[in-house]
Amino acid sequence: MVLGAGGTGGHVFPALALGLELRDLGIDVLWVGRESSLEKQVAVESGFAFEPLASAGFYGEGIGHKAQAAWLLCRGLLQAISLLRRVKPSGVVATGGFATAALLAATEFGGTPYFLLEQNCIPGRVTGFFAPRARETFLAFLSAKPFPGAHSVTGNPLRREFRRGERSDDGKTVLFIGGSLGAQALNVAALDAAAALTNLNFIILTGRRDYEFVRSRVSSKNVELVEFTSHPEELYRRATIAVSRAGGVVLSELVAFGIPAILIPFPHATDRHQDANAEYLASVGAASVLDQSRLSGLTSLVRTLIDDAPRRQQMEAAARSVAKPEAAAVIARRIVEALSRGQESSMKSEARMTNE
C-alpha cells in the first residue's frame, strides 16, 4: 500500500495509526509526503519507507504562491506517476489535503484503487474532489452536508495508546491545545487564565512556532509548557478539562479520553470546518463552544466548568458515547478485504477470458 499523508498533525497522525495497523496485517506500507516535513520525521521514526513528493498549499494564498503551488503540483504529479509505475501498489490510501493531490491524480491516471480518510464534518476540497471515484471514504464524523461516493462513518484512526482512554487527573488540571503549529490567541488566553486561576494547574501545548513567545511571557508558577509531543495521550491522561481548537483529529482524541472540552474554532479554517466540528461535539453534550472574538470570557468558563463536577461527568459520558477508538483497526481490515475482493474478481475475470 502507498500511504499519502502530509501537512499538519491532523493528517499525519491518523495516517500513522492506519499505517501501523496495515503493517500488522502483513501489508508493506510506503509513505509518500513532503521532504523536510513532519510526515517524513514521523514515518522514519516509525520504521516506514518514505518517498518525497513535491507539493504546496494552494487555497487562500497570494498569486505568486498559487503559481508556485501549481508548478509544484505538476512536478509532484510526474513524480507520483513514476512512483506508482515503479512500485505497482495494490492500492493507495490518502488523508486528503494539498500534500496528497498529486498522488491521487496519478492514482486515477494509472487506475490503482484508492481509499480516502476524512477527518472533519465538512470534507476538505481535495477529498471532496476525489471522493466520487474512491473505492471508499472513511469519515470521522457524520458529514455536515451530502457526501459523494461510497463512504462510511468509522471515526478517525487513532493509535493503540488511545484505545483505553483512561485518565487519572487531579480535578484541577486544564490542558490547552493549539495544534501542532500553534495558536497564538489560545496561548495568550491560556497565560491570562493561569495568572487569574492560581489554584489550578495549566498544561499548554504551545506548538513549535509559539513556544519561545509563550515561554517569555509566563508569569505564574502553575504553568507547564510543552512545545510539541508525538504522544499527546500522556497529556490527556492528566487533563481534567481541555481548551482546544476544533480540528477533527484532536476532537477524536479528546472524546476517546472522555475529556470535557471548551472548543475555540480557528476562524480562518477552510470552509469553517472547525466550526462544524465544534457544533457537532456541542450537539451531543461533550463540549462548550466559544468564538475566538470572545476570548475575554474564557477564564470565567474554565472556572465554572472546573467547579461543576456533575456537569463534567455528563460531558465525559457524552464524549465517550461518540468515541470510536478502534477506527484504525476497522479501516485497515476494510481496506484489505476490499482489495482482496477486487483481486479475486480480477482473477476470475482473467480465468473466464482464458477459457473463452
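## A walk through the fold and a few of its residues

Among contacts between residues at least 6 apart in sequence, 61% join residues at least 24 apart in this protein. Please keep in mind that the model is predicted.

**The whole chain**

The protein holds 13 helices and 13 strands. Its radius of gyration is 21 Å, close to the 21 Å that the globule rule gives for 356 residues, so the protein is as compact as a globular protein of that length. Taken along the principal axes, the box filled by the C-alpha atoms is roughly 80 × 45 × 35 Å. Of the 356 residues, 53% count as buried. The accessible surface comes to about 16,100 Å², and carbon and sulfur atoms account for 52% of that area. As for charge, there are 38 positive and 35 negative side chains, and the centres of these two sets lie 2 Å apart.

**A helix inside**

Helix H9 is a nice place to look next. This helix spans residues 248–256, and nine of its nine residues are buried, so H9 is largely enclosed by the rest of the structure. Its buried residues include Val249, Val250, Leu251 and Leu254, and also Ser252 and Glu253. After H9 comes glycine 258, with a positive phi near 65°.

**Three loop residues**

Two residues that are not glycine also have a positive phi: serine 36 and aspartate 271. The table sets them side by side.

| Residue | Phi | Loop | Relative accessibility |
|---|---|---|---|
| Serine 36 | near 50° | between strand S2 (30–33) and helix H2 (38–45) | 71%, exposed |
| Aspartate 271 | about 55° | between strand S12 (261–263) and helix H10 (273–283) | 37%, partly exposed |

Serine 143 also sits in a loop, the one between strand S6 (136–139) and strand S7 (151–153). Why does serine 143 count as buried? Its relative accessible area is 18%, and buried means under 20%, so serine 143 falls within that class.

What does the side chain of serine 143 reach? It reaches the backbone oxygen of lysine 145 at 2.7 Å. A polar atom of the serine 143 side chain also lies 3.5 Å from the backbone oxygen of cysteine 121. Leaving aside residues up to four places away in sequence, serine 143 touches Cys121 and Pro123. Cysteine 121 therefore appears both in that contact list and as the owner of a backbone oxygen 3.5 Å from the serine side chain.

Note on methods:
Residues numbered from 1 in each chain as written. Predicted model: local features only at pLDDT ≥ 70, side-chain atom pairs only at ≥ 80, totals over all residues. Heavy atoms only, no water. Helix = DSSP H or I, 4+ residues; strand = E, 2+ residues; numbered from the N terminus. Buried < 20%, exposed > 50% of the residue type's maximum accessible area, 1.4 Å probe, protein only. Polar contact = N/O pair within 3.5 Å; in protein donor to acceptor, adjacent residues only side chain to side chain. Contact = heavy atoms within 4.5 Å. Rg over C-alpha atoms; globule rule 2.2 N^0.38 Å. Areas by Shrake-Rupley, 256 points an atom, 1.4 Å probe, with all protein chains shown as cover. Lys, Arg positive; Asp, Glu negative; His and termini not counted. Charge placed at Lys NZ, Arg CZ, Asp CG, Glu CD.
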